[in-house]
Amino acid sequence: MGGSDGRRPTANRLRRPQWLVVLLAGCLLLLAGCGGGGTEPVDLGDPATLGMRTFAQWCAPCHGVEGEGNINALEAPALNAAGDSHLLTDAEILDGIVKGGTQEGSNMQPLGEFLLPEQQMAALYFVHTLWSDEQRATHEAAGGHTPATPAP
Ligand code: HEC
């Protein structure tokens with residue numbers, strides 16, 4: 001009878017790994033479900049749409065929906081073809097977005113802590129779309145077009 005006593009633990013040992021596999025698979029599914037929801041809080045979308053949305057939400061309140069400028073007491077300058085922002089380099093504009101303006105004592109709000117790098121770049125390139133063709137050409141000719149346009 002010692003033989004049958006010996007089989008029970010063996011049978012149990014064979015079953016346990018199967019339960020473990022089922023349990024581990026269940027845990028992984030739960031983790032995958034939670035992880036997927038937790039690591040993707042912002043839908044960045046395509047850069048052009050992201051730029052439009054970022055500008056509308058974060059820049060338009062001061063610079064106007066079309067970048068026309070001078071819409072409130074802060075007198076934020078025009079960013080469209082009526083202004084001179086194309087004379088700034090991309091590095092200067094990006095620095096202004098992140099640190100708050102392009103001048104000493106600027107009233108522009110620093111947005112670095114609110115915007116992801118993707119949003120900062122998208123807003124920068126959206127400003128380009130507000131300029132005239134001539135202004136874009138001037139901007140590029142002056143070597144202001146840095147960093148290079150990201151791959152689509
Ligand atoms: C709280 C108001 C405010 C917000 C929000 C704001 N700006 Fe400004 N911005 C200003 C003011 C005021 C100036 C003028 C002072 C200066 O140049 O720093 C300015 C200047 C600029 C300039 C320089 C323009 C020039 O011709 O010299 C650029 C470019 C610019 N902003 C881009 C942006 C972008 C892009 C956003 C959104 C990501 C943004 N700003 C959000 C107020 C704002």
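Around the ligand in this predicted model stand 26 residues, and the closest of them are Cys59, Cys62, Gly101, Ser106 and Met108. The elements that give two or more residues to this shell are helix H2, which spans residues 47-63, helix H3, which spans 90-99, and helix H4, which spans 117-130. Of the elements, H2 gives the most to the shell, with five residues. Sorted by class, the residues around the ligand are 15 nonpolar, ten polar and one charged.

With the ligand's surroundings in view, we can step back to the whole chain. The protein chain has five helices and zero strands, and read from the N terminus its elements follow the order α-α-α-α-α. Of the 152 residues in the chain, 16% are buried. Among the contacts with a separation of 6 or more, 55% join residues that lie 24 or more positions apart in the protein chain.

Which elements give two or more residues to the largest nonpolar core? This core has twelve residues in all, namely Leu50, Phe55, Cys59, Leu79, Ile93, Ile97, Met121, Ala122, Ala123, Phe126, Val127 and Leu130. The elements that each supply two or more of them are H2, H3 and H4, and H4 provides the largest share, six residues. Cys59 therefore appears twice in this account, as one of the closest residues to the ligand and as a member of a core built from buried residues. Val127, another member of the core, touches Gly67, Leu79, Ser85 and Ile93 when residues up to four places away in sequence are left out.

Helix H3 is worth following in more detail. Its buried residues are Asp90, Ile93 and Ile97, and because they cover an arc of only 65° around the axis, they lie on the same side of H3. A general feature of helices helps here: an α-helix has 3.6 residues a turn, so residues three or four places apart point the same way. The buried residues of H3 pack against H4, and two of the residues named for H3, Ile93 and Ile97, also belong to the largest nonpolar core. Just after H3 comes Gly100, which takes a positive phi of about 100°.

The loop between H2 and H3 holds two further residues with a positive phi, and they can be taken in turn. Asn70 has its place in this loop, and its phi is near 50°, a positive value in a residue other than glycine. Is Asn70 buried, exposed or partly exposed? It counts as partly exposed, because it has 15 C-beta neighbours inside 10 Å. Glu75 also lies in the loop between H2 and H3, and although it is not a glycine, it has a positive phi of about 50°. Glu75 is exposed, because 10 other C-beta atoms lie within 10 Å of its own.

It remains to ask how confident the prediction is along the chain. The mean pLDDT of the protein chain is 81, and 68% of its residues reach 70 or more. Over residues 33-40, however, the pLDDT is below 50, and this stretch has zero contacts in the model beyond near neighbours in sequence. The pLDDT also stays under 50 over residues 148-152, for which the model has two contacts beyond four places in sequence.

How values were computed:
Residues numbered from 1 in each chain as written. Predicted model: local features only at pLDDT ≥ 70, side-chain atom pairs only at ≥ 80, totals over all residues. pLDDT = per-residue confidence, 0-100. Contact = placed C-beta atoms within 7 Å. Near = placed C-beta within 6 Å. Helix = DSSP H or I, 4+ residues; strand = E, 2+ residues; numbered from the N terminus. Nonpolar A, V, L, I, M, F, W, Y, C, P; charged D, E, K, R; others polar. Core = buried A, V, L, I, M, F, W, Y, C linked by C-beta atoms within 7 Å. Buried ≥ 20, exposed ≤ 12 C-beta atoms within 10 Å, placed from the backbone. Arc of directions from axis to C-beta.
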